[in-house]
Amino acid sequence: MSFALTVNAQNISTARPWTYWWWMGSAVKKQDIKAQLDIFKKSGLGGVHIIPIYGAKGAEKDFIPFLSPKWLEMMEYTVAEGKKLGLGVDMTTGTGWPFGGPNVSTELGALQMEVVDGAPSVKNTKQMVKRAAPGGEGLVFNPFHKSAMSQYLTRFDSAFSAVREKPRSMYMDSYEAYGANWTEDFLTEFQKRRGYDLRPNLTLLKDSVNKQNAGLVRIDYQQTLAELLRERYANSWTKWSRDHGFKTRYQAHGSPGNLLDLYDESDIPETESFGTSRFPIPGLRVDPDYSIKQFGTPNPLAMKFASSAAHFSGKKLVSSETSTWLANHFKVSLSQIKPQIDELFVSGINHIFYHGTTYSPINDPYPGWLFYASTNYGPTSHFAEHFHLLNKYVEKCQSILQESKPDNDVLVYFPIHDLWAKPARSSGGVHLLEVHHVDRWLLDLPFGKLTQQLWKDGYSFDFVSDRQLERLKVDSKGNLASGATSYKTLIIPSETYMPEETLASLLRLAQAGGKIIFQGKTPEQVAGFGKHDERQKTFLENVVQLSRKNTVQVGTDVDKLLAQNGVVQEEVSKKGLSYIRKIKNGKVIYFVSNLGNAFTEGWISLGKIKVAAKNDPLNGISVLAKRDSAGIAQVYLKLLPGQSCFLEEESGVAIVSNVKGKVKSVPVSGNWDITFLKGRPSLPETAKLQKLGSWTELSDSAVYFSGTARYTVTFDVPKSVLTKKGLQLDLGDVREVATVKINGKVLGTFWSIPFIADIQSGILKEKGNKMEIEVTNLSANYMRLRDKQLPDWKKFYDINVADITYKKFDASSWQPMPSGLLEPLKIVYQE
C-alpha cells in the first residue's frame with residue numbers, strides 16, 4: 001500500500017494547519033513570541049499569519065506602531081524563531097482590513113457614485129480601515145484607482161528595504177470596500193474599453209430601470225470595474241509582492257470582480273468558511289444563536305471558486321480562513337470543527353488556516369487576550385490539551401491532498417455577464433460575489449442550479465472564466481488542457497449573454513476537437529451595449545457555426561451528454577457521501593467524507609477504482625472487500641456519519657459475496673464513580689451515578705465547572721460476546737473529548753463524531769472489567785460564572801468582544817451546557 005505519511009522538512013509547514021495570529025496593538029514581546037511559537041509547534045501547527053489589530057486596554061505603553069523599526073524587529077524575530085522550529089510565517093500587507101492606512105489621502109480614498117438627474121454624483125465613502133492596529137489607522141483606498149495601490153505600497157517599500165528575515169507570503173483579506181464603485185478616470189477607461197460614452201446612458205444603471213438596453217449597460221459598467229480591480233488592485237499587489245520575494249495569499253471573494261480571475265492572480269487562492277454548514281450528522285451541534293439570515297452558511301460551490309482557479313493554473317496550495325464564528329465564544333468543540341474542515345477538503349482546499357489565535361502575554365489572567373470573533377485556537381482554549389489530535393488529522397489529510405493533482409472531468413463555464421445584467425442589491429449598485437450569502441448571487445443562476453446538480457449527482461468539476469478560456473487548448477487525446485490540468489468536456493450553462501471573445505474561444509476549441517456541451521440552449525445575445533446590433537448579427541452567425549461542429553452538443557439531458565463524452569459519474573454522491581478525486585503517483589485517490597446521515601456501510605462502485613484500500617486518518621489502513629455485481633466492480637465501505645477516509649487502488653483482494661452481518665450490542669452496566677481531576681473554578685465533590693447524564697446536574701459547583709473528570713465503572717461482558725471479532729465501544733453523546741482505558745489498556749482519545757472506540761482482542765474479560773474514561777468539557781459553563789463575578793477580562797478597544805450576532809458579549813445569562821458522558825455506553829459487534 002502507498003499511504004505512508006511522508007512529510008519532508010521542506011513541506012512540513014504546509015502539510016500542517018496554520019493559524020491566524022492577531023497581534024493586539026502589536027504589544028508583543030520576544031519572550032512571549034518564543035513561548036507561544038513553542039506551544040504552536042508542540043500542538044502540531046505548521047505556521048502563523050501575523051495580523052496586527054486594535055489593542056488591549058491597560059497595555060497602551062507596550063503598543064508598537066505598525067511598520068516602525070521596533071515592529072519590524074519583532075516581525076523579523078518571529079520569522080527567525082519560526083525557522084528554527086519549522087514554522088512558517090505570513091503577514092497581512094496592512095492592519096485590519098481592507099487595505100488602507102495613514103498614507104491614504106482623501107484623494108486616494110474609496111469613491112461611490114450614484115446617478116442623480118442623469119449625471120454621476122460622486123462622494124468619498126470615508127470608510128476607515130476596520131479593526132486597525134496602532135499605526136495602521138486611516139482611510140481605505142480606492143481599489144479602482146490607477147495609482148492608489150502603488151502609492152499605498154511605498155510605505156512597505158521603505159519598511160522592508162533593510163529587512164532580512166521576511167515572511168513567506170503577503171496576504172489580502174476579503175474585499176470589504178463598502179459602496180466603492182468609481183474612480184476619477186472611470187469614464188475615460190470605460191470609453192476606451194467599451195467603445196462608447198457612458199454618460200448619456202447612466203440612467204440605465206439604476207436598479208429601478210428595466211429598459212431594453214439596461215442589462216447591456218450594466219454588464220459594461222460591471223466589467224469595467226472588474227477589469228480595473230484585477231489590473232490595478234490584485235495584479236499590482238501580486239506583482240509588488242513577488243518582486244519583493246513574497247508569495248501571495250488572496251481572498252478575492254466579496255468583490256465585484258470575476259472571482260476566478262482574481263483568485264488566479266495569487267500564488268495561494270484563499271476561500272473562507274464562516275459559520276456552520278448544518279450537516280445532518282447525528283449528534284453534531286449547531287449554535288442556536290447563529291443567524292443564517294445575518295451571515296448565511298458555508299457552501300462548497302463558493303469554495304470551489306478558489307480551488308478551481310488553483311486547479312486550472314496548477315497551483316499546489318489552496319487555503320481557507322477556517323471555522324470563523326463556528327459557534328459562540330467558549331462553545332466550540334473539536335467535533336464541530338472536523339466536518340467543516342472535511343467540507344473544505346472535498347471542495348479542493350488543502351491548506352487550512354484556523355481563525356484563529358490571539359497573541360496573549362503568557363502571564364495574563366485567564367482567558368487572556370481574545371479576538372472579537374470566535375473560534376479560539378490559542379493556548380487558553382478549552383481544547384488546547386487535545387488540539388494536537390485535530391492537527392494530526394489535518395496533517396495526514398493535507399500531506400496527501402497537497403501531493404496529488406486534481407482529477408476533474410468537467411469544466412463549467414461561469415457566465416458572469418448574466419449576473420452583471422441584473423440590478424444589484426448591494427450598496428453602490430454592484431454585484432458583490434461573497435462567500436456568505438451565495439443565495440444572493442450564485443444559487444439562483446442557471447450556473448448555480450447546474451453546479452448544485454452536478455455536485456449532488458457525483459461529477460468532478462472545476463469552474464472556468466471567460467479570460468481563462470483563452471488559455472485553454474485541446475491536447476492529443478482530445479481533452480481540454482489548461483497547461484496544468486486536463487478535462488474531458490466543457491459545459492456552458494443555459495445563459496443569455498456571452499462576449500464575442502468567449503465565443504471565439506469556443507469556436508477555436510471546437511475546431512480543434514474539444515468537446516463542448518450547451519445546457520438547453522446556446523447564448524442569445526452578445527454582451528455589451530456598444531455597437532450591439534452590428535455585433536449581434538455576427539455573434540448569432542458564429543453561434544450557428546459553433547453549434548454545427550461535431551464535438552458540440554446542445555441538450556437538456558446533461559447526464560446523457562456527459563456520459564457520451566466519457567465523463568465518470570461517481571456513485572458515492574448518490575449514496576449521500578461527499579468526495580474529491582485526485583491522482584498521486586499515477587494512481588487515483590478519493591477523499592470521501594460522510595457529512596450526512598444517509599449512509600453507514602454498503603457496497604459501492606468507484607468510477608476509477610475496482611479494488612480499494614481504505615486509509616482512515618484516525619484509525620489506520622485496511623483493504624476493502626470486493627465483488628462483481630452485474631459486471632460492475634464494487635467495494636464494501638463502512639463510513640459512519642461524521643467519518644472520512646482516503647480510498648486508493650489496491651491489488652490482490654479476494655472476491656467475497658457478503659460481508660455485512662447483523663449489528664448487535666450489549667450495554668455497559670454498572671454504577672459509575674465520577675471524580676473531578678482538574679479545572680476551574682474549583683473541583684466539585686466526587687459523586688456516584690446509577691445513570692449517566694450531564695455533570696451539570698450534580699451540584700451547584702459542577703454546573704460552573706470547566707475541566708476534566710474521570711468516570712469509573714466495573715462491568716461484565718457475556719462470554720458469547722468475547723468471541724466476536726471487531727468489538728467496539730460506542731460512547732454515545734460525549735461532551736466533549738474522552739480518553740478511554742479498559743483494564744489498564746488505553747483505547748485512545750476520542751474527539752470527533754462518532755465517538756466509537758475499537759476494542760483490541762484480549763482486552764475484555766467475562767467478569768470484573770474496569771473502565772476509566774476521562775472527559776473534558778467546554779469552558780462555557782465557567783464563563784457563565786466569570787461574567788457574573790469578574791467581567792473585567794473584556795478589556796479590548798474597537799469592538800471589544802462580541803457575541804455570535806455581533807452584540808455585546810455576556811455569558812452570564814447562558815444556560816448550562818451539558819457536560820460529560822450523556823448516554824448509556826454499549827459494546828457493539830456483528831453476528
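## Salt bridges of helices α6 and α7

The side chains of Glu 265 and Arg 230 form a salt bridge, with an N to O distance of 2.9 Å. Because Glu 265 belongs to helix α7 (residues 259-265) and Arg 230 to helix α6, this pair ties together parts that are 35 residues apart in sequence. The structure is a predicted model. Glu 265 has a relative accessible area of 10% and is therefore buried; Arg 230, at 14% relative accessibility, also counts as buried.

Helix α7 contributes a further contact through Asp 264, whose side chain meets that of Lys 315 in a salt bridge (3.6 Å, N to O). Here the link runs from helix α7 to the loop between α9 (300-313) and β11 (319-324), where Lys 315 is located, and the two residues are 51 apart. Both Asp 264 and Lys 315 are buried.

## Contact between α5 and α6

Glu 231 and Arg 193 form another salt bridge, in which the closest N and O atoms are 2.8 Å apart. Glu 231 is part of helix α6 (residues 214-243) and Arg 193 is part of helix α5 (residues 186-194), so parts of the chain that are 38 residues apart in sequence are tied together.

How exposed is Glu 231? Its relative accessibility is 30%, so Glu 231 counts as partly exposed. Arg 193 is likewise partly exposed, its relative accessible area being 23%.

## The shared network

Over the whole structure, the search finds 49 salt bridges. Some of them share partners and thereby join into one network the residues Asp 185, Glu 189, Lys 192, Arg 193, Arg 194, Glu 227, Arg 230, Glu 231, Arg 232 and Glu 265. The Glu 265 and Arg 230 pair and the Glu 231 and Arg 193 pair are both found among these residues.

## A three-stranded sheet

Three strands form an open sheet in the order β16-β17-β18, and their pairing is antiparallel. Strands β16 (473-474) and β18 (486-487) are the edge strands, each pairing on one side only.

Strand β17 (residues 480-481) pairs with β18 over two bridges in the antiparallel sense. Within this pairing, Ala 481 has Ser 486 of β18 as its bridge partner.

## Internal cavities

The whole structure contains seven cavities of 30 Å³ or more, and the largest has a volume of about 110 Å³. Its lining comprises 16 residues; those nearest the centre are Phe 330, Asn 376, Ser 381, His 382 and Ser 779.

By class, the lining of the largest cavity is made up of six nonpolar, nine polar and one charged residues.

Notes:
Residues numbered from 1 in each chain as written. Predicted model: local features only at pLDDT ≥ 70, side-chain atom pairs only at ≥ 80, totals over all residues. Heavy atoms only, no water. Pairing = 2+ DSSP bridges. Helix = DSSP H or I, 4+ residues; strand = E, 2+ residues; numbered from the N terminus. 1 Å grid on protein atoms, 1.4 Å probe; cavity = no way out; pocket = protein on both sides within 12 Å on 5 of 7 lines; lining within 4 Å. Points joined across faces, edges and corners; volume = space filled by probe spheres on them. Nonpolar A, V, L, I, M, F, W, Y, C, P; charged D, E, K, R; others polar. Salt bridge = Lys/Arg side-chain N within 4 Å of Asp/Glu carboxyl O. Buried < 20%, exposed > 50% of the residue type's maximum accessible area, 1.4 Å probe, protein only.
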